[in-house]
Amino acid sequence: MVPITSTSSEATTDAYLSSANGKLITTSLERADDMARDLPIGNGNVLINFDAAYNIRDMYFPLVGQENQSSDHLSHFGVWCQEQFFWIDHPEVSKKLNYLQDSLVTNAECTHERLGLRMLLRDGVDVQQNVFLRKVRVENLFDAERTVKLYFHLDLQIYGNGIGDTIFFDPELSSLVFYKGHRYLTLSCLSPDEVKAGPSGYATGQKGIHGLEGTWRDAEDGHLGGNPIAQGSVDGIIELTMTLPPKSTKEAWFWICFGRSKQEVERLERLLRTATPQALLQRTHDHWVKWVNRDQHQLSLLKPDLDSFYKRSLLITRTNLDNRGAVVAANDSDILKFAKDSYSYMWPRDGALVSHALDRAGYHELARKFFDFCIKVLSPEGYLMHKYNPDGSVGSSWHPWVNAQGAKQLAIQEDETALVLYAMWHHHKLAGTIEQSRNDYEQFVKPAADFLVHYRDASGLPLPSYDLWEERYGVLAFTVASVYAGLVAASRFAEYHQDKARAIYYADKAAQVKKAADQQLYAPDQKRFLRALFWNQEKQSYVPDYTLDMSMYGLFDFGLFEREDPRMVTTMQLLKEKLWVNTEIGGIARYENDYYHQVTKDVAKVPGNPWFICTLWYAEWLVASSKTVNDLTEAENLMRWAIKHALPSGVMAEQVHPFTGVPMSVSPLTWSHASFIKVTQEYLSKLKQLTSKDITQPIDASEDKVLEPVIH
């Protein structure tokens with residue numbers, strides 16, 4: 001998607017330390033901007049994102065994707081020792097950044113060899129309470145006793161802006177308290193040295209005005225000023241002091257409590273002094289290990305790297321799901337530098353496809369919340385809008401409501417409505433809840449399907465709407481396929497609920513869509529399908545668009561045309577041939593001459609930047625086409641392409657640089673991870689199918705689909 005027209009018990013967790021996988025990341029404080037987001041952690045109410053240097057950059061509460069309480073402002077973590085002070089992103093600090101296996105607890109190993117200090121940071125957001133927890137294990141590598149001070153700094157923008165914030169030190173809580181309106185956050189610590197259990201120092205102040213950089217500068221000499229309160233554009237920092245004997249290790253804790261009132265954060269602060277932060281972090285680790293291993297697929301059939309990455313994708317996907325049902329596309333505030341807008345919205349298309357992947361993995365309760373969200377926001381006319389904020393309000397948009405001639409047009413992407421219908425049917429089939437679907441049928445299926453039926457021209461094709469890339473207004477192959485799938489789903493709902501007239505009606509309209517697509521979206525001279533038809537006002541007719549676009553895979557994936565159809569085979573072969581990025585990086589672009597974040601005009605070599613979803617779509621085609629186990633090798637290689645070009649943590653961006661492979665646009669993109677989840681499910685299903693029969697014999701094509709065929 002394109003946000004606007006683009007500019008170019010302790011023992012349990014400790015057992016993983018020795019096997020944590022990561023890579024050296026060195027970066028300076030001055031280079032902390034323009035970094036991909038990494039290692040997201042959250043509980044569906046709170047989401048924390050780090051940058052590549054392990055600075056906190058995004059802090060969402062009380063809804064994931066709405067109200068970024070830090071708004072890309074950098075919050076620092078620093079260390080003072082008698083030899084020198086350093087911030088965690090200093091070039092001399094080597095890092096291995098990852099998660100503990102199968103969990104949403106981080107495992108960040110940071111070493112400053114010259115200063116003889118090693119730190120292990122483990123961060124998590126408690127699964128039951130809105131508390132961010134940080135455990136810091138500090139190791140003294142020198143053969144001498146040392147005093148070490150740790151500094152945790154917060155630069156907040158409460159409600160997403162830095163106007164009228166207040167910060168003060170609360171002596172009863174021994175915490176810094178930030179507040180504005182109905183948003184309260186506390187920053188606290190616990191020292192291993194009993195005499196100094198709380199902070200040994202603090203500072204509050206203004207920043208960004210009168211030349212003030214922020215209280216983090218106050219820490220660099222190892223002494224904080226102790227100003228007790230500040231208001232306006234403010235920040236704050238606390239100091240924790242410990243004494244380390246020679247060659248020894250000690251542990252310290254920091255935490256942030258989130259609430260809508262002072263009473264709420266006070267309750268959480270009392271909890272941390274009774275339940276202990278260790279107990280909360282342990283239960284969080286254990287919860288996610290149990291959660292991610294709920295998946296009923298035979299993951300043991302996968303090679304270890306694919307198994308591990310599949311589960312990591314499930315976990316990362318979960319961080320971008322708000323507990324009220326919004327499936328947020330991405331929560332990387334770094335994109336704000338390009339567009340002054342973000343991907344922190346719920347696109348119904350993304351939500352439908354993400355929910356479908358989660359349903360197939362057995363997480364039906366998450367998909368259910370998404371469908372409830374869609375029912376609430378469906379327009380009276382039966383369509384879903386471009387995108388929504390996590391609270392259900394309509395999101396920002398660049399789709400106009402009038403065309404070039406001044407006539408009204410719908411500023412929608414029709415596939416977003418259709419795909420929710422499609423995913424909703426499969427949700428009930430997979431969850432075994434079809435007998436409970438009456439409310440969905442009445443409140444969503446009927447109005448949405450009726451809209452799809454009426455929003456068509458005389459030929460049976462859908463009327464123009466914006467494409468899935470949100471760039472063109474026309475009749476797109478991807479949209480046509482999704483409308484077909486949506487109407488088939490509606491027919492099945494009607495059939496189950498004994499609404500016989502509608503069952504026949506919707507099935508008939510789906511057949512009309514298929515017939516029209518067969519006639520108008522095929523180019524006989526090239527023996528392959530078209531990307532789109534665009535209305536020519538002067539000619540009063542549609543003009544074919546021959547551009548090869550990877551979204552055309554939807555023609556087969558949504559069941560509009562059979563995989564064995566020679567026209568489909570030719571189309572997919574051409575897509576791979578023309579959209580493969582011919583550099584050392586490889587991967588598949590969106591379409592020919594893709595302008596978004598374009599880095600070279602050599603489109604013959606680089607048709608566009610390689611996207612994770614596009615590369616994985618082709619892998620899905622290869623899986624579906626496989627007749628023997630050996631045939632799965634190419635698809636498996638593309639799945640490993642995604643693993644290779646993800647960050648060491650497993651985070652996948654939207655796209656990567658075609659020459660360097662570094663993440664581009666937002667990261668993590670929820671859709672990227674959902675695509676890996678789905679292709680892995682398809683791969684496993686086909687692998688089981690092929691190994692259960694004589695693989696020297698041809699495979700019946702009717703058995704290739706993981707789910708039931710889309711139409712009777």
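The largest nonpolar core in this predicted model has 198 residues. If you want a handful of side chains to start from, pick I48, L150, F152, F444 and M550, which have the most contacts inside that core. Helix α10, covering residues 477-496, gives the core its largest share, with 13 residues. There's also a second core, separate from the big one, made of 16 residues, among them V105, V177, C257 and L272. As background, nonpolar side chains in soluble globular proteins tend to be buried together.

Let's zoom in on F152, one of the residues just named. Set aside its neighbours within four places in sequence, and F152 is in contact with I56, H76, F77, F132, R134, L187, G236, I237, I238, F254 and I256. So much for the core; the next stop takes us back to α10.

Just past that helix is H497, which sits in the loop between α10 and α11, the latter being residues 500-520. Is H497 buried or exposed? Its relative accessibility is 12%, so H497 counts as buried, the cut-off for that label being under 20%. Who keeps it company? Leaving out neighbours within four places in sequence, H497 touches I434, S437, R438 and Y441, with contact meaning heavy atoms within 4.5 Å.

Now hop further along the chain to I643, a residue of helix α15, which runs over residues 633-645. Here a long stretch of sequence gets bridged in space: I643 and D305 are 338 residues apart along the chain, yet their C-alpha atoms are 8.4 Å apart. D305 is also among the contacts of I643, along with L306, F309 and F676, again leaving aside neighbours within four places in sequence.

Time to zoom out. The protein has 16 helices and 26 strands. Its radius of gyration is 27 Å, close to the 27 Å that the globule rule gives for 712 residues, so the protein is as compact as a globular protein of that length. Along the principal axes, the C-alpha trace spans about 80 × 60 × 55 Å.

How much of the protein is buried? Of the 712 residues, 63% are. As for what is left on show, the protein exposes about 25500 Å², and carbon and sulfur atoms supply 52% of that area. Finally, the charges: there are 73 positive and 90 negative side chains, and the centres of these two sets lie 2 Å apart.

Conventions:
Residues are numbered from 1 along each chain as its sequence is written. This is a predicted model: local features need pLDDT of at least 70, side-chain atom pairs count only at pLDDT 80 or more; totals for chains, interfaces and linings use all residues. Side-chain values use heavy atoms; hydrogens and water are left out. A nonpolar core is a set of buried Ala, Val, Leu, Ile, Met, Phe, Trp, Tyr and Cys residues joined through side-chain atoms within 4.5 Å. Buried means under 20% relative accessible area, exposed over 50%, partly exposed in between (1.4 Å probe, protein chains only). Helices (H or I, at least four residues) and strands (E, at least two) are DSSP runs, numbered from the N terminus. The radius of gyration is taken over C-alpha atoms; the globule rule is 2.2 Å times the number of residues to the power 0.38. Accessible areas come from the Shrake-Rupley method with a 1.4 Å probe; for residues, only the protein chains shown count as cover. Lys and Arg count as positive and Asp and Glu as negative; His and the chain ends are not counted. The place of a charge is taken as NZ of Lys, CZ of Arg, CG of Asp or CD of Glu.
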